[in-house]
Amino acid sequence: MPVERCGEAIAMRAGTRGIVALLTCLAAGTMPACSRSAAKTSNSWDPRAAAAYLDYREGWWMRWNPSARDHGTFCVSCHTALPYALARPTLRAALGERGPAENERQLIENVSKRVRMWNEIGPYYSDQGYDHKTDESRGTESVLNALVLASYEAHNGQLSDDTRAAFDNMWALQQTAGDGRGSWPWLQFDQEPWEAKDSGFYGAALAAMAVGVAPGNYASTPAIQDRLAQLRDYVNRESEAQSTFNRGFLLWASAKLPGLLAPERQKEITQEILSKQQSDGGWRLASIAWKWDGWSLRSLVNMWLRADGTPLEGKSDGAATSLMILALQESGVPRDNAQLKRGLDWLMSNQDVGEGFWPASSVNKRRHISSDTGRFMSDAATAYAVLALIESGRPTNAVASVSKSPN
C-alpha cells in the first residue's frame, strides 16, 4: 500500500525541470532505448538467495507499523505481499522444501483471518481522511484475498471454505453499472502501476486470474457465470485504452482463464509486449506503465520523469522484464522465440548475487534502492522473476503459440 500520496504529479511533470530533462535525454540520443550495452550472459541464478530475500522482505512488511491493520492483521500490498504469495509456493517446490516458509504461513493465516472476519474487521483505509477509500479498500482487498488463497490452494488441489468465502466477498463487490461495470472499486493514490486511476483494470485482471487458478474447477461454477460474463465483457471493452503493463496482466490472466480473450486479442497484446523490448533484452517500467498517447509532452514526460520531478533511468529493470516475460510465457510464446530467450538471459544476468533480488525502482518517487521503502519494486521484481525463471525450466508442454518472433 502507498507510503504517501503524489497529488502534485501533473504539475511537477509539466514544469521546467521536466522539459530540461526531456531535452537532455533527447540530446543524448536515448529516446528509442536508453539501455544500449548488452547484458552479460549467465546460465544460472540462485533460487535460495531469492527465497532468502523474499522471506526477509515479507517478514519486514508484516511487522512494519504502517502496514498494520485492524484486529492484529496487516494489509496485502501489491508490491510485496501479493507477489510473495504468488511466488513462494512455486519456489518452495523448486527448492524441495517440505512445507511453507514461516512468513508464507503467516501471510495465509492473515488473509484467512480477514476473510473470516470480513463483516467485523476494518478496511485497509476508511473514509476518514480519504475520499471513497472504504469502498476502494474493500474492492481491492476482496480481489487480493481471493487471489492469494486460490493461488495457495492451487498447489494442493482443494478449495477451502475460507477461499469460497473470499470469492463470495469478491463477487458481492463487483460493479454492475456505470463505466466500471464488471470491475471492482480499486485503491487510487496516484501511484503507478498498482494504485492509479487506471489500476482498476489491473485489479480486474487479478480477479480473472484468481478464478482461473482456483482448484476444483471453480471457474465452471454455475452461480458465478453471470459475474464472469460481466468481467469478461469489461476487460474486452476496456482493453484498448490500457497501458502495456495492464494489458500484460490481462494476457497472463487469459492463460489462466480460458475464454477470457479471443486468440487474436492475445496475439495483439503479445506483439505489443515484444515491441517494447529494449536493446539489452529487458523491459523498462516507465515504457509500459502508462498508455502511450503519441508524441505529446505528457507522454514524453511520463517516460522520463517521476511524479516528484526526478529523472527516470533509461535502463531495463527487473519488475517490467519479469512481468513481460511471464505474460509471454503464459500465453504460449515458444521457448525458442529469440526475444523471449533474450529476456530470460537478462534475468539470468541481473540478479544481485549478494542479496538475491532483481533491481527495480519506483516510477513515482525517487527512493534509495537500499532503503526499506525503496525496495518495494524490487520485491515485486524478484517474485515475478522467480516465477518466470522456474517456468522456463519446466519440461516443454504442448501449449499452442500465439506469436512468432519477428527476429
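Is E268 buried, partly exposed or exposed? In this predicted model, E268 has a relative accessible area of 32% and is therefore partly exposed, since that category lies between the cut-offs of 20% for buried and 50% for exposed.

The side chain of E268 forms a salt bridge with that of R247, with N and O 2.7 Å apart. This contact joins distant parts of the chain: E268 belongs to helix 11 (residues 263-275) and R247 to helix 10 (residues 244-256), with the two positions 21 residues apart in numbering. R247 has a relative accessibility of 3% and therefore counts as buried. The two residues also take part in a network of salt bridges that links E240, R247, R265, E268 and E272.

A second example lies within one helix. The side chains of E102 and R105 meet in a salt bridge, N to O, at 2.2 Å. Because they are three residues apart in helix 5 (residues 102-116), E102 and R105 are separated by about one helical turn. E102 is partly exposed, at 41% relative accessibility, and R105 is likewise partly exposed, at 32%.

A third example is the salt bridge between D379 and R57, whose closest N and O atoms are 2.8 Å apart. Here too the pair links distant parts of the chain, as D379 lies in helix 16 (residues 376-392) and R57 in helix 3 (residues 47-63), 322 residues apart. D379 has a relative accessibility of 2% and so counts as buried; R57, at 1%, counts as buried as well.

These pairs belong to a wider set, for the count in the model comes to 19 salt bridges.

Terms used. Residues are numbered from 1 along each chain as its sequence is written. This is a predicted model: local features need pLDDT of at least 70, side-chain atom pairs count only at pLDDT 80 or more; totals for chains, interfaces and linings use all residues. Side-chain values use heavy atoms; hydrogens and water are left out. A salt bridge is a side-chain nitrogen of Lys or Arg within 4 Å of a carboxyl oxygen of Asp or Glu. Helices (H or I, at least four residues) and strands (E, at least two) are DSSP runs, numbered from the N terminus. Buried means under 20% relative accessible area, exposed over 50%, partly exposed in between (1.4 Å probe, protein chains only).
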